[in-house]
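Colleague: Please take me through this model, starting with the terms you use. I will ask as we go.

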Amino acid sequence: MKVMISQPMKNKTEEQIRQERQKLIEKIEKEGDTYIDTIFKQEPPANCDPGIYFLAKSIEALSYADAIIFMEGWDNARGCIVEHEVALSYNKLVSYYTEK
């Protein structure tokens with residue numbers, strides 16, 4: 001199965017984001033599934049809204065996923081909320097992850 005992770009990213013560095021999701025990625029791969037990386041390195045075009053640009057790229061990645069896992073705090077991040085609505089509307093397997 002191809003699995004995407006949704007997590008709040010606003011005001012976080014790439015290093016912080018990768019660190020927060022590392023245990024979940026290891027769990028995904030240990031279960032024999034494939035992780036879809038949604039940390040995009042390219043710069044958005046100068047004449048666009050970067051938040052919407054990266055959300056669109058994320059939804060594109062979701063089109064290739066069989067499942068999506070929402071990390072803690074997703075319900076307070078508007079991009080994650082949109083991803084959640086899309087995932088439910090298109091019958092993706094949805095689950096939730098909290099590290100305890």
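Modeller: Gladly! Helices and strands here are DSSP runs, helices being H or I with at least four residues and strands E with at least two, and both are numbered from the N terminus. The model is predicted, so local features need pLDDT of at least 70 and side-chain atom pairs count only at pLDDT 80 or more, while totals for chains, interfaces and linings use all residues. Residue numbers start from 1 along each chain as its sequence is written, and side-chain values use heavy atoms, with hydrogens and water left out.

Colleague: Where is Asn11 placed, and is Asn11 buried or exposed?

Modeller: Asn11 sits in the loop between β1 and α1 (14–30). For accessibility, buried means under 20% relative accessible area, exposed over 50%, and partly exposed in between (1.4 Å probe, protein chains only). Asn11 has a relative accessibility of 74%, so Asn11 counts as exposed.

Colleague: What is the phi of Asn11?

Modeller: As background, most residues other than glycine have a negative phi. Asn11 is a residue other than glycine, yet its phi is positive, near 65°.

Colleague: Which residue just after α3 takes a positive phi?

Modeller: Look in the loop between α3 and β4. The residue there is exposed, with a relative accessible area of 70%. It has a positive phi of about 55° although it is not a glycine, and it is Asn91.

Colleague: How far apart are the end C-alpha atoms of helix α2?

Modeller: The expected span of a helix is 1.5 Å times one less than its number of residues. For the 15 residues of α2 (residues 50–64) that gives 21 Å, which agrees with the separation in the model, 22 Å.

Colleague: Within what arc do the buried residues of α2 fall?

Modeller: The buried residues in α2 are Leu55, Ser58, Ala61 and Leu62. They line one face of the helix, because seen down the axis (taking directions from the helix axis to the C-beta atoms) they fall within an arc of 115°.

Colleague: Which residues are exposed on the other side of α2, and which elements help to cover its buried residues?

Modeller: On the other side of α2, the exposed residues are Ile52 and Tyr64. What covers the buried residues includes β1 (2–6), β2 (34–36), β3 (67–71) and α3 (78–89).

Colleague: Which residue has a side-chain oxygen that reaches the backbone nitrogen of Gly51?

Modeller: A polar contact is a pair of N or O atoms within 3.5 Å; within protein, one must be able to donate a hydrogen and the other to accept it, and residues adjacent in sequence count only if both atoms are side-chain atoms. At the start of α2, the backbone nitrogen of Gly51 has a side-chain oxygen within 2.9 Å, and that oxygen belongs to Asp49.

Colleague: Which elements do the buried residues of α3 pack against?

Modeller: The buried residues of α3 are Cys80, Glu83, His84 and Ala87. They cover an arc of only 105° around the axis, which puts them on the same side of α3. On the other side, Arg78 and Ser89 are exposed. The buried residues pack against β1, α2, β3 and β4 (93–97).

Colleague: Which side chain makes a polar contact with the side chain of Tyr96?

Modeller: Tyr96 is in strand β4 and is partly exposed, at 49% relative accessibility. Leaving aside neighbours within four places in sequence, Tyr96 is in contact (heavy atoms within 4.5 Å) with Ile69, Phe70, Trp74 and His84. The side-chain polar contact, at 2.7 Å, is with His84.

Colleague: Which element gives the largest share of the lining of the largest pocket?

Modeller: On a 1 Å grid over the protein atoms alone, a pocket is an open set of points where a 1.4 Å probe fits, with protein on both sides within 12 Å along at least five of seven lines, and lining residues have an atom within 4 Å of a point. The largest pocket is lined by 31 residues, of which Met9, Lys10, Gly51, Phe54 and Gly79 lie nearest its centre. The elements giving two or more residues to that lining are β1, α1, α2 and α3. The largest share, six residues, comes from α2.

Colleague: Finally, which residues does Lys23 contact?

Modeller: Lys23 lies in helix α1 and is exposed, with a relative accessible area of 51%. Leaving aside neighbours within four places in sequence, Lys23 is in contact with Tyr97 and Glu99.
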